[in-house]
Amino acid sequence: MDKQYRIGIMGGTFDPIHIGHLILGERAHQQFALDKVCYMPAGNPPHKQNRTGRATDDQRVDMVKLAVADNPHFDIILDEMNADGYSYTYRTLERLREQHPENDYYFIIGADSLTDFDKWREPQRIMDNCHMVVATRNGMPPEVFDALLEKRREQFHGDFLKLDTPNLDISSHNIREMLRSGTSVKYYLPDAVIGYIRRYHIYERDS
Ligand code: ATP
Ligand code: MG
């Protein structure tokens with residue numbers, strides 16, 4: 001029988017990837033004894049590709065590669081980088097489970113994504129194929145966070161797990177604004193990613 005792995009998956013736009021994403025992956029690796037955490041950038045639909053003030057799909061992939069390079073248990077997977085830009089988490093997870101039925105998948109999200117979760121495509125099919133690991137975000141009060149987790153468990157009979165992280169007040173949106181206004185973003189994202197952004201003059205103009 002194939003060896004069983006516990007795989008974390010962190011999906012996102014990563015425009016750009018920042019330390020919030022990286023801290024969540026590292027904490028999930030420790031708390032749930034994950035063998036690997038895979039960062040999975042989502043492809044942009046055609047009307048969102050090559051927008052002014054945003055990175056291209058290739059640039060977002062490059063930045064994720066740079067950000068995960070020095071961590072032996074981090075990886076990048078391109079399963080949602082489709083040419084047409086439309087990908088659905090339930091399909092990706094079902095495909096991964098088909099390819100590796102022996103593995104256990106832990107999908108990592110922030111609490112804002114948990115709030116929206118019932119609007120995702122086929123949330124039940126997502127929960128049939130993974131554990132959901134959720135980090136607090138946007139200063140959500142602990143009792144509100146706990147109640148939302150419980151509500152989602154009842155709705156989907158799924159395994160919603162709380163990731164033990166502090167509130168990390170950082171977002172790609174904020175970072176794009178800081179870059180546009182010339183505010184230093186040092187320590188908000190890895191130096192290699194900052195170097196890449198400067199080299200290719202990404203996020204310098206209004207989107
Ligand atoms: P944007 O501001 O453009 O929406 P973002 O910072 O939210 O970007 P995404 O790529 O949209 O980054 O996020 C991918 C996943 O990471 C989502 O599930 C999101 O909830 C989570 N996430 C991102 N930043 C944080 C953070 N600071 N704390 C907790 N979760 C986060
Ligand atoms: Mg977001």
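## How helices α2 and α8 pack

The axes of helix α2 (residues 57–68) and helix α8 (residues 191–199) come within 8 Å and cross at roughly 155 degrees. Angles over 145 degrees count as roughly antiparallel, so that is how α2 and α8 run relative to each other. Keep in mind that this is a predicted model. Below are some notes on this helix pair, plus a look at two buried residues, T89 and G25.

**The α2–α8 contact**

- As for handedness, α2 passes α8 in a right-handed crossing.
- On the α2 side, the residues that meet α8 are Q59, D62, M63, L66 and A67.
- Their partners in α8 are A192, V193, Y196 and I197.
- Sorted by class, this contact of α2 with α8 has seven nonpolar residues, one polar and one charged.

**The buried side of α8**

- Which residues of α8 are buried? They are V193, I194, Y196 and I197.
- These four span an arc of only 160 degrees around the axis, which means they sit on the same side of α8.
- Here's the helix geometry to have in mind: an α-helix has 3.6 residues a turn, so residues three or four places apart point the same way.
- What covers the buried residues of α8? The cover includes α2, the partner from the crossing above, and α7 (172–180).
- V193, Y196 and I197 turn up twice, since they are among the buried residues of α8 and also among those that meet α2.
- Just past the end of α8, H201 takes a positive phi of about 55 degrees.

**T89, in α3**

- You'll find T89 in helix α3 (residues 89–99).
- Is T89 buried or exposed? Its relative accessibility is 14%, and since buried means under 20%, T89 counts as buried.
- Leaving out residues up to four places away in sequence, T89 touches E80, F107, W120 and I126.

**G25, in α1**

- G25 has its place in helix α1 (residues 19–31).
- With a relative accessible area of 0%, G25 is buried too.
- Which residues does G25 touch, not counting those up to four places away in sequence? The contacts are V37, Y39 and F74.
- To place G25 relative to α8, take Y196: the two residues are 171 residues apart along the chain, and their C-alpha atoms are separated by 22 Å.

Technical notes: Residues numbered from 1 in each chain as written. Chains lettered and ligands numbered in written order. Predicted model: local features only at pLDDT ≥ 70, side-chain atom pairs only at ≥ 80, totals over all residues. Heavy atoms only, no water. Axes fitted to C-alpha atoms, helices over the stretch in contact; angles between N-to-C directions. Helix = DSSP H or I, 4+ residues; strand = E, 2+ residues; numbered from the N terminus. Parallel < 35°, antiparallel > 145°, perpendicular 65-115°, else oblique. Left-handed = near helix turned anticlockwise from the far one by under 90°. Contact = heavy atoms within 4.5 Å. Nonpolar A, V, L, I, M, F, W, Y, C, P; charged D, E, K, R; others polar. Buried < 20%, exposed > 50% of the residue type's maximum accessible area, 1.4 Å probe, protein only. Arc of directions from axis to C-beta.
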